[in-house]
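Q: I would like to learn how to read salt bridges and helix faces from a set of coordinates. Where should one begin?

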Amino acid sequence: MSIVNKLKGAKTLDELADLLGFTPSGFSYILYRLPNAIKYKSFSIPKRGGGARTIEAPDDRLKLLQRRLANVLYLYLDEIEKSGKEHTPVAHGFARSLSIITNAACHKRRRYVLNLDLAEFFPAINFGRVRGVFLKDKRFEFAPKIATLIAQIACHNHALPQGSPCSPVISNIVARLLDVRLVRLAKQHKCTYSRYADDITFSTNQKEFPVDLALPDPSGKGPWVVGPALTAEITGTGFVINASKTRMQIRGSRQLATGLLVNEKVNVCPEYYRTVRSMCARLFSTGEYFAMVPAMMAGGKVGDPDVRTSFKTFPLIEGRLGFIYLVRDGLDRRDGVEKKKSPTATRVLYHHLLFYKHFVAGARPLVITEGKTDRVYLRAAIEKLTSFHPRLGKIESGAFSSSIRFMNFSRIVHDVLQLGGGTGDLKFFMLHYADTLRKFKHAPLKAPIIVLIDNDLGTKDIFGVMREKTVHKTISTQTTAPFYRVHANLYLVKTPETGKDKGMTCIEDLFEPCVLATKIDGLVFDPDKKHKEPGKYGKAVFAEKVVRPNKSAIVFDGFDPLLQRICDVIDDYATHPGHI
C-alpha cells in the first residue's frame with residue numbers, strides 16, 4: 001500500500017505510531033508523558049543581518065519522532081508529485097533537489113529584482129494552521145485524530161519551533177496557499193516568483209515594475225515599499241511582511257537573490273570569496289585566521305557591531321568555503337573527469353583546506369582505510385580488545401571513545417580530496433602527498449597519518465609508488481615490516497602477512513571462520529561479491545548486520561597483530577616526528 005493510502009486511511013494513534021516506526025506506548029510517552037520542561041532546550045544564535053534567532057532544540061526522543069514524521073511527509077509529497085501534473089517548483093527551501101542556487105537561477109538577467117522577507121515565519125504557523133491544513137487541504141484530508149497528532153508532534157508553545165526536523169516540510173505545506181496566490185499574482189503582472197523559506201523574490205524585464213507588487217516610497221525618503229495587492233495576498237494567508245528588509249534591485253546595480261549574484265549568472269559575491277581566500281592564506285601560513293562575526297558570538301550583545309575574531313578551529317572557514325564550492329561547483333557544467341583534470345581555483349582552495357584540516361593540523365592519529373566497512377571492524381576490535389586501551393581507545397561512563405581518528409569518506413571527501421574509492425584513490429593520494437604538503441608554511445604535523453591496506457594483489461600500484469618515491473624498494477606482499485614510512489607524517493600499514501598464497505590477506509581474514517560463515521536471509525558472505533550476485537552478500541551487509549550488532553559476542557583476537565602495527569606507528573612517530 002502506498003504511503004498516501006496508508007496516511008489517509010489511518011484513524012488512530014496506534015496506526016500513526018506504526019507508520020512512524022514507534023510502539024503505541026512509546027509514541028504516547030513522548031507526546032503525553034515526557035515532561036514539557038525537558039521536551040525542548042532553548043538557545044539563541046545571531047542572525048546574519050543582526051539580532052538573534054531563538055532555536056528550540058527538541059529532546060532526542062522527540063527529535064527522532066519528528067524526523068520520522070518529516071521523512072514520511074516528504075515521501076507523501078513525492079508520491080503526490082509523481083501522480084500529478086508536472087509543474088515548475090516555486091518553493092525552493094527545504095525541498096529535495098532544490099536549493100538557494102535553483103532559487104536564484106529563476107531571476108538571472110532581469111531588469112528588476114524585488115526581495116522581501118516574512119517576519120517570524122515559523123512562529124506564524126500555529127497549532128490551528130498545522131492541524132487545519134492536514135484536515136482541509138485536498139492533498140491530505142486526514143482523519144481528525146491524525147491531524148491533531150501531527151500538530152502535537154510538530155508544535156511547541158502552539159507554533160512550529162525553529163529547531164524541529166519537521167518544521168521545514170510542514171512550513172512548506174502550510175505556505176502552499178501563499179505560493180499559489182503569489183504565483184497567480186506574478187503571472188498577472190508578467191513577473192517570476194519564487195520563495196526560499198521566508199525569503200520571497202519577484203523579478204521581471206518589464207520597463208516599469210508593477211505598482212501592485214512594489215513601488216518607491218511615496219514620501220521619497222525611504223526605500224521601495226510592498227504594493228497593496230501583494231500586501232493583501234500575504235496578510236490574507238496569515239503571514240506578515242518584514243518591511244525593513246524589502247529591497248528593490250535595478251539592472252546596473254548589484255542584484256541578489258537568496259544571497260547570490262544574479263546580474264548575469266548565479267555566483268557568490270566576489271568580495272566574499274576574496275575574504276575567505278585571505279582567511280585560508282593566513283591559516284596555511286600561521287595556523288590561525290581572522291573573521292568578522294556577530295557580536296553575540298564574541299560575547300557581546302544584540303545590536304553591537306561585528307567583532308574581528310581570531311580562530312584556530314575549522315567550522316567557520318570550512319562552512320564558508322564549502323558554501324562557495326557548493327555554488328560554483330553546482331554551476332560548473334563539465335563532467336566529473338573534466339572538473340578533476342582542470343580544477344577551478346575554488347576546488348583547489350577547498351582541496352587545500354580539507355588537506356590541511358585532516359592531514360596537517362590534526363591532533364590525533366588518523367587511519368585511512370580502503371573502504372567504509374574497515375572502519376566498522378577496527379572500531380569494534382579496539383573497543384573489545386582492552387589490552388589496547390588507552391593507546392587506541394577507552395571506555396568512559398560506559399561509552400567507548402576512540403583515541404585515533406578514522407577518515408570519514410563523505411561525499412565532499414570523495415569529490416574534493418578524491419578519497420574513498422579504494423586503492424586507486426590511495427595511490428593518487430600517496431603519489432602527491434609530499435608536493436601538497438609543501439604548500440603549507442605552517443605544518444604542525446602533530447600526529448601520524450596511517451594508510452591501511454589489504455595485503456593482496458590489489459596493492460600492486462601502491463607498492464609501485466612506494467618503490468618509486470620512498471626508500472622501500474623491495475616492498476611486496478611478502479615483506480613483513482610492521483609499517484613503512486612514506487613521507488613526513490604519512491605511513492603505510494598492511495594487513496599481517498599470514499595468508500597461504502605469498503602471505504596475501506585482507507582485513508576480513510582477521511575474523512574467526514564462524515563469523516565469516518554467518519548467513520543473512522539465507523545468503524553467505526563473500527568479501528569479493530559483485531553487485532546483484534545471487535546467493536551472496538557483501539562487505540556493507542557484513543559490517544552493518546553481522547559485525548556492528550554482534551560485536552559484544554565476536555572474538556576479535558585476530559586483529560591483535562594489525563592493531564599492534566598501528567601502535568608501532570604511533571610509537572615511531574612519537575620518537576621521530578615528521579617535518580616538511
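**Salt bridges and one helix face**

A: Begin with a single pair: arginine 61 and aspartate 59 form a salt bridge through their side chains, with 3.0 Å from N to O. The model is a predicted one.

Q: Are the two partners, arginine 61 and aspartate 59, buried or exposed?

A: Burial is judged by relative accessible area, with buried meaning under 20% and exposed over 50%. Aspartate 59 has 16%, so it is buried. Arginine 61 has 37%, so it counts as partly exposed.

Q: How many salt bridges are there by this rule?

A: The count is 21.

Q: Which pair shows a salt bridge within one helix, and why can its residues meet?

A: The general idea comes from helix geometry. With 3.6 residues a turn in an α-helix, residues three or four places apart point the same way. The case here is glutamate 544 with arginine 548, whose closest N and O atoms are 2.8 Å apart. Both lie in helix α21 (residues 539–550), and because they are 4 residues apart, about one helical turn separates them. Glutamate 544 is partly exposed at 41% relative accessibility, and arginine 548 is partly exposed at 43%.

Q: Which salt bridge links distant parts of the chain?

A: Look at the side chains of aspartate 415 and arginine 347, which meet in a salt bridge at 3.5 Å, N to O. This pair connects distant parts of the chain: aspartate 415 belongs to helix α17 (residues 411–417) and arginine 347 to helix α15 (residues 345–360), 68 residues apart. Both aspartate 415 and arginine 347 are buried.

Q: Which residues are linked with Arg347 and Asp415 in a network of salt bridges?

A: Asp329 and Lys339 join Arg347 and Asp415 in that network.

Q: Turning to helix faces, which residues of helix α19 are buried?

A: In helix α19 (residues 460–469), the buried residues are Ile462, Phe463, Val465 and Met466. Viewed down the axis of α19, they fall within an arc of 155°, so they line one face of the helix.

Q: What does the face of α19 turned away from the buried side carry?

A: That face carries Lys460 and Glu468, which are exposed.

Q: What covers the buried residues of α19?

A: The cover includes a helix, α18 (423–437), and the strands β17 (449–453), β18 (484–487) and β19 (490–494). To read the helix as a whole, set the two faces side by side: Ile462, Phe463, Val465 and Met466 are buried, whereas Lys460 and Glu468 are exposed on the face turned away.

Key. Residues numbered from 1 in each chain as written. Predicted model: local features only at pLDDT ≥ 70, side-chain atom pairs only at ≥ 80, totals over all residues. Heavy atoms only, no water. Salt bridge = Lys/Arg side-chain N within 4 Å of Asp/Glu carboxyl O. Buried < 20%, exposed > 50% of the residue type's maximum accessible area, 1.4 Å probe, protein only. Arc of directions from axis to C-beta. Contact = heavy atoms within 4.5 Å.
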